[in-house]
Structures are given as structure tokens and as C-alpha cells.
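Q: I would like to go through this protein slowly, asking of each label how it was earned. Could we set each value beside its definition?

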Amino acid sequence: MTLITTTQEQFKNQITAAQSAYEASRQTSPQQRAEWLNTIAKALGNHADELIELAQKETHLDIARLQGEMKRTIFQLQLFAKEIQYGPHFEATIDHADPNWGMGARPDIRRMNVALGVVGVFGASNFPFAFSVIGGDSASALAAGCAVIHKVHDAHLTLGLRTGEVVVEALKKAGAPEGLFSVINGREAAEALVDHPLVQAIGFTGSLAGGRALYDRASRRAKPIPFFGELGSINPVFVTEKAWKTRQNDILIGYATAATMGMGQFCTKPGLLFVPQFDKNVVVPVLQKEFSGKKFAPLLSPNLRKGFEAALSKVSSLTNVEILIEGNGAESPSPTILTTTVSAIKAEPEILELEMFGPASVMVQYENEDELAEIVALLEGQLTCTLQAEADENLGYFIDAVHEKCGRILWNGWPTGVTVSYAQHHGGPYPSTTSSARTSVGTGAIGRFMRAVAYQTFPDAMLPPALQENNPWKIIRRINGLWVNP
């Protein structure tokens, strides 16, 4: 495979084809669109061995992890296929004409969500399948009815280009319009993707610096577009005094596992663990024993390793930050655990803004639980916040404070598992994401790439199928205020 950079002419042809494909497929039934998604899923399964082998060569990830990602990616496509046939993403709503409506005669009004158009997607470096070429953003945009142009990540370029070929071949086999999905490569094409007037939204998973640059670029357009970016999170874990006293070792073991899962290269890695003051001679041996049984690997790319080392150095140099367990700095680095205090953070809160994307985390010691509410007030937006507590504790006031800062709150768990489901929410206040009202994981992700349109007093035959009286698509709808199954 030749790793060519997308030229201006090639990009121009791709964007034109994408727009034509979107227009040609606007009224495609959910059943037909679901077939396209299922065909992609089947093609990924058929090419799984080939793609996983490419991923191993480019990412240092082990085969079990990659097989899990592939399974997730296939499942996600299949789940979205079922979801769009049921139709909640349309939010089809019908208000029949009512001369006796409480505020005066009501005309016949019908509203539904429609696809935005062509969507640009930037894949993540740390998930070569799940958040990459046909990962969450691309899959949800296709499910919404959009055309997708995906910018392949340099960290696994060969894999990305080959995956793109598999997806394009599958869509062609399924009879989808040519150009509905394509991939690009190179910085110039990436910038053109954000700038082009036919592109109606951007999906992004990556760093705060890179995401913010693209977010600002999208906002500077003559007609700004939605930018759904996941930019970073420290994912604090708060341990109550009672929980620490009751199950200290279990908490430390869970923390050691979560903080080093995937070499600490998960967006939901617990970067801060708030615990009561502790004896280092008790805590360190538990963590070291847990780390000693783990297998470590190189980080995903040289650039990611460089960024991790810079962030670790910066956090380590902050006032009153000490090394609890020092990593070895090897090609496959062992974890680093730092420690500091709540008092030190209140005096210098910069540590609350510094994500160490790799095998490093900070244990923060507090004197009493009242200090935790003060720390929550200083936090920026997070993807997750976790409470390690006991069931008989009254933490309502604290939970209320925490929910202002994050998109998912966990009780006695660890945040590094983000399942694909109906209720999942993977988002949070800025800077964790650029759109806290939206999720990039789960069936709710489809709605990001749609907008509402209302039709008033239209003849039934001229309405979109989702709003016609006989419901030809057989989707769930809200009629005169009540949800009605097909």
C-alpha cells in the first residue's frame, strides 16, 4: 500500500462525491441504512486477522486488546443498525391540528431530526479501531444519515488506510452511493476538511492542544460549524475516610490496575486519587506488588512518549509533589506514582489541569473530607469522576457538587471501561469536551450529527416518510404528546 498524501485535487473530488452521496441517500430508509452498517460490520469481521496484524505492527498493542477493540467496533455498528430501525434518533414528533388547544387553535406541526450533511472525522491515536476510521464518530455519523470523510491518524497510518479500503468496498457491495465514506491523509487535507463549506460538522478525539486548534479553526469559518471534540480529562477519584478504612488494599489494587490499563493511554485513566493521609510504608508495597505482576509495553508512538515525559516532568517539578514510586524510563516504562496534598493543590492548583497521558498518576492526601468539596470547586470539566464510598454514607451534597464537573459519575468502580450502550454518556464540561450536552459513545452519539426541522400544515404525501400518517418506516414517534411504538 502506498502511503500517499491526499492532494488538493483528490480532496476536491472526495468532498464533491461525499456531498452527492449525502444528497442521494437523504431519504434512504432506516432499514436500508442499517444494512449498510451491518455490511461494514461483516466486512470488518472478514478482514479482522489482516487488520489486527497491521495494528500490532504499528501500535505496540497486544492481540487481546486489539481483538477486544475489533469486537467493540463490530458490535457498535450492529447496535447502531438496530437503533436507527427503531428510530428514536429521529425524535419524530407529530402534533395534529387542534382547534381547542389551550393557547388557541393549533395547526398541524410535525418535527424530526435530519442529517447535517458531510461530516469530517479525526481519529484517535490510542484506539486504532474503536475511535478511529470506523469507530464511534464515523459510525454514528453514518447512522445519522451523513456522509463521512475521515482523517487517518499518523500513529497507525497503514492500518487506517487499509481499514478505509475495507469500509469503502463494503459500502459499494451494499449498494450505497459512491463517496458516502472516504479517508484522507496529510495536514493540508486535514485543514481543508475543517475549512470546506460543504463540511457541516467535525468529530475529533485527541489532545487538548490539537483539538482546540481545530475547534478554533471551525469557529472562525464564515459559517461556523459544530465541533464535537474530546480533548482530555484527569478523571479524579475521591475516596472517603470510611471507604479507605474499610477496604484500603482493594482500592489500591483497583487504582493500580486502572491507572496502568493500556499503559495509562486511556482518556478515562484515573489521574488523581484523593485519599486520607497514609503511611507510605503501608501503601507503597501494595502498589509495587500489584505493578510487579503486570506486563508493560512501549507507548503508542514516539510523539506520545515525548508528550508523556514532558507532562510527567512538569507535574513532578511542582511544589510539594513527591515521587512515591518512580518509573524506570525504559522503552516499556514501569509506572510512576506521585503524591501531594490537598493543601499544596489549593496553593498551586495547576496540577488539576495537567493530564499525564501515559503510566503515571497522583495520589493526593487530605486531612479531612471537608477539603474535598473545595477541590471539586477548583476542578475543570472532566469526562468522569469516581466516588469510592460506603452505602450508608450521606454524600448527597458532595455528589451534587461533583456532577457539575463531569459527564459520568461512578460509585465504587473505576472509569477505564466505557461500554457502548443506550445510557452511556462519554462527554463532559470543557475542556474534557467541546459539547457537554453530547456523548461520543453509545446510541446517543448519533444525535450529534442531526438537526431538527419542523413541517407545518404539509400535505401528507409531501412529508418525509418519518412524519407521514401511516408511518411507512415503522419507527417510534411522539403523537399528540404520547410516545407510540410502531
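A: Let us begin with exposure: a residue is buried when its relative accessible area is under 20%, exposed when that area is over 50%, and partly exposed in between, using a 1.4 Å probe and protein chains only. The model is a predicted one, in which local features need pLDDT of at least 70 and side-chain atom pairs count only at pLDDT 80 or more, while totals for chains, interfaces and linings use all residues. Residues are numbered from 1 along each chain as its sequence is written, and side-chain values use heavy atoms, with hydrogens and water left out.

Q: Why is Asn-480 called partly exposed?
A: Its relative accessible area is 41%, and because partly exposed covers the values between 20% and 50%, Asn-480 counts as partly exposed.

Q: Where is Asn-480 found, and what is notable about its phi?
A: Asn-480 is in the loop between strand 16 (477-479) and strand 17 (482-484), where strands are DSSP runs of E with at least two residues, helices are runs of H or I with at least four, and both are numbered from the N terminus. Its phi is near 50°, a positive value in a residue other than glycine. Most residues other than glycine have a negative phi, and most peptide bonds are trans.

Q: What makes His-60 partly exposed?
A: His-60 has a relative accessible area of 39%, therefore it is classed as partly exposed. His-60 lies in the loop between helix 3 and helix 4 (63-86), and its phi, near 70°, is also positive.

Q: Why does Thr-433 count as buried or exposed?
A: The relative accessibility of Thr-433 is 6%, so Thr-433 counts as buried. This residue sits in the loop between strand 14 (406-411) and strand 15 (450-456). Leaving out residues up to four places away in sequence, Thr-433 touches Gly-229, Glu-230, Leu-383, Gly-427 and Gly-428, where contact means heavy atoms within 4.5 Å.

Q: Which peptide bond is cis?
A: The bond from Tyr-430 to Pro-431 is cis, with omega near 10°, and Pro-431 lies in the loop between strand 14 and strand 15.

Q: What makes helix 5 mostly covered?
A: Helix 5 (residues 136-144) has nine residues, and nine of them are buried; among them are Asp-137, Ser-138 and Leu-142. Helix 5 is followed by Gly-145, whose phi is positive, near 110°.

Q: How do you know that the span of helix 6 agrees with its number of residues?
A: The expected span is 1.5 Å times one less than the number of residues, so the 18 residues of helix 6 (residues 157-174) should span 26 Å, and the end C-alpha atoms are 26 Å apart, which agrees. Its buried residues pack against helix 2 (30-46), helix 3 (48-59) and strand 5 (181-184).

Q: How do you know that the radius of gyration of the protein agrees with a compact globule?
A: The radius is taken over C-alpha atoms, and the globule rule is 2.2 Å times the number of residues to the power 0.38. With 486 residues, the rule gives a value near 23 Å, and because the protein has 24 Å, the two agree. Buried residues make up 57% of the 486 residues.
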